[in-house]
Amino acid sequence: MQIKPIHDENDYRDALRRIEGLMGAEPGTPEGDLLDVWVTLVEAYERKMYPMDLPDPVEAIKFHLEQTGKSPKDLQPMIGRMNRVYEVLARKRPLTLAMIRKLHGELGIPAESLIRETCIPQHHHP
């Protein structure tokens with residue numbers, strides 16, 4: 001399989017299909033590395049073409065919780081202990097690739113929303 005830049009919508013859809021097919025890949029394997037590369041390509045294309053199109057990962061997770069009547073506690077199997085869940089929801093901790101895989105696989109949150117950059121608030125110290 002050839003890795004190439006994403007130039008248009010057809011390339012973009014193809015890249016999302018490739019990511020979808022690799023979502024079960026283990027980190028540190030050739031497939032896991034390939035997933036990281038495709039995610040990076042998609043993120044770059046989305047930043048350029050759709051800067052406001054998809055929600056960021058935190059908004060996608062909160063929307064899913066709201067739509068399904070679940071609570072942050074239900075995220076523990078995918079994210080970790082409650083303090084970590086709250087750090088993610090407060091945008092103080094970014095999602096890891098393992099968290100993204102679990103959230104996508106177990107809750108069906110679209111991968112293309114989960115791989116977007118989270119808006120982490122900047123802390124200014126006097």
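The protein chain contains 7 helices and 0 strands, and, read along the sequence, its elements follow the pattern α-α-α-α-α-α-α. The model is a predicted one. Of the 126 residues in the protein chain, 36% are buried, and the chain exposes about 7800 Å², of which carbon and sulfur atoms supply 54%. Among the contacts in the protein chain with a separation of 6 or more, 64% are accounted for by residues 24 or more positions apart.

Helix α3, which comprises the 12 residues 57-68, was examined in further detail. At 1.5 Å a residue, this helix should span 16 Å, and its end C-alpha atoms are 16 Å apart, so the expected and computed values agree. The helix is followed by Gly-69, whose phi is positive, near 70°.

The buried residues of α3, those under 20% relative accessible area, are Pro-57, Val-58, Ala-60, Ile-61, His-64 and Leu-65. Because these residues cover an arc of only 165° around the axis, they lie on the same side of α3. An α-helix has 3.6 residues a turn, and therefore residues three or four places apart point the same way. On the other side of α3, by contrast, Phe-63, Glu-66 and Gln-67 are exposed. The buried residues of α3 pack against three further elements of the chain, namely α5 (82-89), α6 (97-107) and α7 (111-114).

Methods:
Residues are numbered from 1 along each chain as its sequence is written. This is a predicted model: local features need pLDDT of at least 70, side-chain atom pairs count only at pLDDT 80 or more; totals for chains, interfaces and linings use all residues. Side-chain values use heavy atoms; hydrogens and water are left out. Helices (H or I, at least four residues) and strands (E, at least two) are DSSP runs, numbered from the N terminus. The expected span of a helix is 1.5 Å times one less than its number of residues. Buried means under 20% relative accessible area, exposed over 50%, partly exposed in between (1.4 Å probe, protein chains only). The arc is that of the directions from the helix axis to the C-beta atoms. Contact means heavy atoms within 4.5 Å. Accessible areas come from the Shrake-Rupley method with a 1.4 Å probe; for residues, only the protein chains shown count as cover.
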